[in-house]
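The following exercises practise the reading of a protein fold from its sequence and structure. Please attempt each task before turning to its solution.

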Amino acid sequence: MHSATFAPETNGMYTIKVRTKDVATNEMIIEATAGQTLLEVLLKNNIDLPHECGGMCYCSTCHIWIKSGSEFILEKSKRETDFLNKAMGRTNESRLACQCLLVKGGKLISIEIPSKNENS
Ligand code: FES
């Protein structure tokens with residue numbers, strides 16, 4: 001999973017703004033704490049993001065776009081980059097949600113979830 005060593009700020013809260021491409025008007029605001037991945041946060045909030053490999057960085061089904069706040073997320077590993085290269089619709093905002101560990105708290109992160117067709 002995460003091999004980097006770091007000390008997340010555990011008392012910080014994040015506000016995560018989530019938009020989906022499937023429903024243009026669908027926008028949710030959720031709260032999260034440091035030390036969780038965006039995949040974990042989304043699933044806890046009943047947002048059913050596909051995660052075929054169970055969050056082990058062996059697929060690209062949890063592909064999302066980070067629209068703002070990427071500086072509050074653990075940097076991409078080479079392995080994540082390799083799997084992201086297989087994701088449809090990837091851009092330089094693309095990340096795998098299971099690898100997006102929240103490391104600094106208290107800020108807004110804005111994400112967009114591709115449609116199911118774009119991640120399958
Ligand atoms: S769930 Fe497979 S790479 Fe994230």
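**Exercise 1. The order of the elements**

Which pattern does the protein chain follow when it is read along the sequence?

*Solution.* The model under study is a predicted one. Step 1: the inventory of the protein chain comprises three helices and five strands. Step 2: read along the sequence, these elements give the pattern β-β-α-β-α-β-β-α.

**Exercise 2. The sheet**

Determine in what order the five strands are arranged in the sheet, and which strands lie at its edges.

*Solution.* Step 1: the five strands form an open sheet with the order β2-β1-β5-β3-β4, and its pairing is mixed. Step 2: β2 and β4 are the edge strands, since each of them pairs on one side only. Step 3: on average, neighbouring strands of this sheet are turned by 35 degrees against each other, direction ignored.

**Exercise 3. The pairing of the strands**

For each of the pairs β1 with β2, β1 with β5 and β3 with β5, state the sense of the pairing.

*Solution.* Step 1: β1 pairs with strand β2 (residues 27-33) in the antiparallel sense, over seven bridges. Two residues of this pairing can be located: I16 has I30 in β2 as its bridge partner, and R19 has E27 in β2. Step 2: strand β1 (residues 13-20) pairs with β5 in the parallel sense, over six bridges. Step 3: strand β3 (residues 63-68) pairs with β5 in the antiparallel sense, over three bridges. Step 4: I111 of β5 is the bridge partner of V18, and I111 is also the bridge partner of I66.

**Exercise 4. The two faces of β5**

Which side chains of strand β5 are buried, and which are not?

*Solution.* Step 1: in a regular strand, the side chains alternate between the two faces of the sheet. Step 2: strand β5 (residues 108-113) shows such an alternation. I109, I111 and I113 point to one face and are buried. L108, S110 and E112 point to the other face and are not buried.

**Exercise 5. Two residues compared**

Is N85 buried or exposed, and how many other C-beta atoms lie within 10 Å of K67?

*Solution.* Step 1: N85 is found in the loop between α2 (78-84) and β4 (94-96). N85 counts as exposed because it has 10 C-beta neighbours inside 10 Å, and the limit for an exposed residue is 12 or fewer. Step 2: K67 belongs to strand β3. K67 has 13 other C-beta atoms within 10 Å and is therefore partly exposed. Step 3: leaving aside residues up to four places away in sequence, K67 touches E93, S110, I111 and E112.

**Exercise 6. Distance in sequence and in space**

What separates N85 from S60, and K67 from S94, along the chain and in space?

*Solution.* Step 1: N85 and S60 are 25 residues apart in sequence, and their C-alpha atoms are 8.6 Å apart. Step 2: K67 and S94 are 27 residues apart along the chain, with 9.0 Å between their C-alpha atoms. Step 3: for the protein chain as a whole, 72% of the contacts between residues at least 6 apart in sequence join residues at least 24 apart.

Methods: Residues numbered from 1 in each chain as written. Predicted model: local features only at pLDDT ≥ 70, side-chain atom pairs only at ≥ 80, totals over all residues. Buried ≥ 20, exposed ≤ 12 C-beta atoms within 10 Å, placed from the backbone. Helix = DSSP H or I, 4+ residues; strand = E, 2+ residues; numbered from the N terminus. Pairing = 2+ DSSP bridges. Contact = placed C-beta atoms within 7 Å. Axes fitted to C-alpha atoms, helices over the stretch in contact; angles between N-to-C directions.
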